[in-house]
Amino acid sequence: MMTTGFISSLNLWNAPRTGAARLQTDLATATKEIATGRFADVGATLGGGVIESFGLRRQSAVLAALTQSNTAASFRLEATQSALKEIQSAAEATLNELTALPADQRAKTVAETARGRLMALAGALNTSAGGQFVFGGTDSGTAPLTPYEGSPPSAAKAAVDDAFTDFFGFAPGSAAAAAITPTELKGFLDGPLAGLFTEVNWSRTWSSASSRTIDSQISLTETATTSTSANAEPFRKLGMAYVIASGLGLSGLSAEAQEVATVKVMDLLGQVSGGLTTLRADLGRTQSQITDANARMAKQTTLLTGQIRDLESVDPAEAKARVDAITTQMQMSYGLTAQLRSLSLINFIS
């Protein structure tokens with residue numbers, strides 16, 4: 001048995017409209033793919049292959065994070081090297097001045113310059129980069145050193161003055177200091193004073209830095225030390241040299257005692273120069289490691305980017321053809337809808 005149905009004007013009008021909504025969605029998808037160069041819905045397009053895509057993107061993100069971290073580390077190392085150069089130049093200048101002078105003129109000359117260089121040492125060790133104190137070790141949020149001279153006196157100066165007074169029975173700069181023998185002075189320099197510059201006592205009275213330095217991951221397989229601490233031995237020895245030169249009242253000592261003091265200062269400065277050279281060389285090697293690591297990671301990133309592009313990228317020509325086809329279909333749909341809306345029985349009633 002054959003049956004017939006009916007087609008209403010409403011059904012005719014709605015049919016193109018329903019197709020138009022789907023075409024608009026397809027057009028938006030194709031347009032997005034042309035703009036981004038990758039599938040609009042990577043998961044739906046690649047299916048199970050999306051796991052590989054996400055894995056590659058995760059590796060690329062890790063490399064990008066390491067590269068960014070290396071940039072910060074390099075900035076910190078550059079600031080550290082600059083400060084170390086300044087500290088070493090001052091130490092070597094002091095040593096050269098002492099070496100060039102006759103023994104009887106050394107104490108007075110070095111006393112005039114050591115006080116300023118001791119202040120400069122504190123300033124250099126308080127160098128900051130990117131809001132972090134580069135000589136603070138892992139405690140990079142706090143300035144490592146308090147200036148030795150100041151008001152009120154620093155804990156370091158108080159400790160030195162107390163040690164001198166306890167050992168000799170009078171304060172530094174006292175007229176009684178003229179009676180100090182070379183043996184007594186040597187005993188003080190190698191004993192109580194040297195004890196104030198051990199790492200433990202230095203941390204108590206001079207420095208708030210952490211002795212633990214910063215270790216950074218500079219590549220997927222490498223870590224490196226990317227800082228140094230104000231508690232390192234060369235800085236402690238340099239502080240001791242400057243204190244002997246400027247903080248013990250050398251001009252009031254006998255010529256023999258002065259010679260003991262200046263020889264000790266020169267010995268310390270010689271050790272400091274070698275120690276600072278080693279520190280700078282170690283940090284220089286780290287800088288070279290970071291440069292090499294960045295170069296390798298740049299190549300790895302380029303490789304990963306190519307693999308991701310091969311998985312996710314669309315053919316621009318094919319996407320453009322789809323946009324053109326969809327646009328043509330939509331124009332046809334709109335035209336058909338307009339013609340259907342013009343159909344009316346009234347137009348055929350005479």
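In this predicted model, helix α4 makes a convenient starting point: at 1.5 Å a residue, its 23 residues should span 33 Å, and the end C-alpha atoms are 31 Å apart, which agrees. The helix runs over residues 103-125 and carries a kink of about 30°, centred on Ala-111. Its buried residues are Arg-106, Ala-107, Val-110, Ala-114, Arg-117, Leu-118, Leu-121, Ala-122, Ala-124 and Leu-125.

Leu-121 offers a good look at the surroundings of α4. With a relative accessible area of 3%, Leu-121 is buried. Beyond residues up to four places away in sequence, Leu-121 touches Ile-87, Phe-235, Leu-238, Gly-239 and Tyr-242. The last of these contacts, Tyr-242, is 121 residues from Leu-121 in sequence, while their C-alpha atoms are 9.5 Å apart in space.

In soluble globular proteins, nonpolar side chains tend to be buried together. Here the largest nonpolar core holds 68 residues, of which Leu-193, Trp-206, Phe-235, Ile-244 and Leu-248 touch the most other members. At least two residues of this core come from each of α3 (50-100), α4, α5 (155-168), α6 (182-195), α8 (233-247) and α9 (255-312). Helix α9 supplies the largest share, 12 residues. A second, separate core has six residues, among them Leu-56, Leu-63, Leu-66 and Leu-304. Back in the largest core, Trp-206 has contacts that include Leu-118, Pro-144, Tyr-148, Phe-197 and Val-243, leaving aside residues up to four places away in sequence.

Turning to charged side chains, a search of the whole structure finds eight salt bridges. In one of them, Arg-117 pairs with Glu-97, the closest N and O atoms being 3.0 Å apart. Arg-117 lies in helix α4 and Glu-97 in helix α3, so the pair ties together parts that are 20 residues apart in sequence. The cut-off for burial is 20%; Arg-117, at 19% relative accessible area, is therefore buried, whereas Glu-97 counts as partly exposed at 27%.

Helix α4 also takes part in a salt bridge between Arg-115 and Glu-149 (3.8 Å, N to O). This pair links distant parts of the chain, 34 residues apart, with Glu-149 in the loop between β2 (132-133) and α5. Both partners are partly exposed, Glu-149 with a relative accessible area of 27% and Arg-115 with 38%.

A further salt bridge joins the side chains of Lys-186 and Asp-190 (2.8 Å, N to O). These two are four residues apart in helix α6 and so are separated by about one helical turn. Salt bridges with shared partners join Lys-186, Asp-190 and Lys-264 into one network.

Note on methods
Residues numbered from 1 in each chain as written. Predicted model: local features only at pLDDT ≥ 70, side-chain atom pairs only at ≥ 80, totals over all residues. Heavy atoms only, no water. Buried < 20%, exposed > 50% of the residue type's maximum accessible area, 1.4 Å probe, protein only. Contact = heavy atoms within 4.5 Å. Core = buried A, V, L, I, M, F, W, Y, C linked by side-chain atoms within 4.5 Å. Expected span 1.5 Å × (residues − 1). Bend = angle between axes of the 7 residues up to and from the residue. Salt bridge = Lys/Arg side-chain N within 4 Å of Asp/Glu carboxyl O.
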